[in-house]
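Subject: Handover of a structure and its findings

Dear colleague,

Please find the structure below, handed over for your study. My findings follow directly after it, and I would ask you to read them with the structure open beside you.

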Amino acid sequence: MASKVRKIALPQNSALHAFIKEGDFIDCFATKSDAPLRKAAETVAAFPVWVQFMLKIRKLVTAPFGLMQEGPEDVEKLGPFPIVSETENEIIAGFDDKHLNFRVSVMSENGQLSLATWVHTHNLGGRVYLSAILPFHILVARDAVTRAAAQANPPLARVS
């Protein structure tokens, strides 16, 4: 049986702590899992069809405002996001844009898999954008943690 995804405080040893300033958005979802870090991060970034559809809508809505759709092409990426740092237990990816800066952290250590998101808004547009996507972000983040943990911990086959 899969372990429940829960909202937790950002793990103390996360490098995301270096980014956080007063007023920034930060959340973290976790579950019990021994998922290998790179595999978990790749699963998190392999968006299911329903998320890909929402990203296409986002692209249409935000294109007139000149917002970046993904990071530069010439760097190592996690899905559409440039990798900022990678250690044995954590991969951080994301980029800076004119309305906000964001990073996602995938950590796998001590039997726990976590996905954290940090956002620093620059202006009213960034705050409006963050408010608009937040309900979807929570669904996407929880689903990503569930999928990544399931990759590493497939359910046991039932014996008849």
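E86 counts as partly exposed, because its relative accessibility is 40%, and the range for that class runs between 20% and 50%. Please note that this is a predicted model. E86 lies in strand 4, which covers residues 81–86.

**Salt bridges**

Which residue forms a salt bridge with E86? The partner is R38, and the closest N and O atoms of the two are 2.7 Å apart. This pair links distant parts of the chain, since R38 belongs to helix 1 and E86 to strand 4, with their positions 48 residues apart in sequence. R38 is partly exposed as well, with a relative accessible area of 27%.

R38 also takes part in a salt bridge with E76, where the N to O distance between the side chains is 3.0 Å. E76 sits in the loop between helix 2 (49–62) and strand 3 (77–78), while R38 is in helix 1 (residues 37–45), so this pair ties together parts that are 38 residues apart in sequence. R38, E76 and E86 are therefore to be viewed as one group: salt bridges link them in a network.

A further salt bridge joins the side chains of R103 and D96, at 2.9 Å from N to O. Are these two residues buried or partly exposed? R103 counts as buried, at 9% relative accessibility, whereas D96 counts as partly exposed, at 41%. In total, the count for the protein comes to four salt bridges.

**Aromatic pairs**

The count of aromatic pairs comes to four. In one of them, the rings of F81 and F102 have centres 5.1 Å apart and planes at 80°, so the pair is edge-to-face; the cut-off for that class is an angle over 60 degrees. F81 is in strand 4 and F102 in strand 6, and the two are 21 residues apart, so that the pair links distant parts of the chain. Both residues are on the buried side of the 20% limit: F81 has a relative accessible area of 18%, and F102 is at 15%.

F102 forms another aromatic pair, with F95. This one is edge-to-face too, with 5.1 Å from centre to centre and 75° between the planes. F95 is buried, with a relative accessible area of 10%. Taken together, F81, F95 and F102 make up one aromatic cluster.

**Two buried residues and their surroundings**

Where in the protein is S108 found? S108 belongs to strand 6, which runs over residues 100–109. S108 is buried, with a relative accessible area of 10%. A polar atom of the S108 side chain lies 2.4 Å from the backbone oxygen of A35. Not counting residues up to four places away in sequence, S108 touches D34, A35, L37, N89 and L113. A35 thus appears both in the list of residues touched and at the 2.4 Å distance.

L16 is found in the loop between strand 1 (6–7) and strand 2 (25–32). How much relative accessible area does L16 have? The value is 0%, and L16 is therefore buried. Leaving aside neighbours within four places in sequence, L16 is in contact with several residues, among them I26, E90, R103, A116 and W118. R103 is the residue whose side chain meets that of D96 in a salt bridge. L16 and A116 are 100 residues apart in sequence, and their C-alpha atoms are 8.4 Å apart in space.

**The protein as a whole**

How many helices and strands are there in the protein? There are three helices and seven strands, and along the sequence they follow the pattern β-β-α-α-β-β-β-β-β-α. Of the 160 residues in the protein, 42% are buried. The accessible surface comes to about 9400 Å², and 61% of this belongs to carbon and sulfur atoms. Among contacts between residues at least 6 apart in sequence, 60% join residues at least 24 apart. The pair of R38 and E86, at 48 residues apart, and the pair of L16 and A116, at 100 residues apart, may help you to picture links across the sequence.

Yours sincerely

Notes
Residues numbered from 1 in each chain as written. Predicted model: local features only at pLDDT ≥ 70, side-chain atom pairs only at ≥ 80, totals over all residues. Heavy atoms only, no water. Helix = DSSP H or I, 4+ residues; strand = E, 2+ residues; numbered from the N terminus. Buried < 20%, exposed > 50% of the residue type's maximum accessible area, 1.4 Å probe, protein only. Contact = heavy atoms within 4.5 Å. Areas by Shrake-Rupley, 256 points an atom, 1.4 Å probe, with all protein chains shown as cover. Polar contact = N/O pair within 3.5 Å; in protein donor to acceptor, adjacent residues only side chain to side chain. Phe/Tyr/Trp six-rings, centres within 6.5 Å; stacked < 30°, edge-to-face > 60°.
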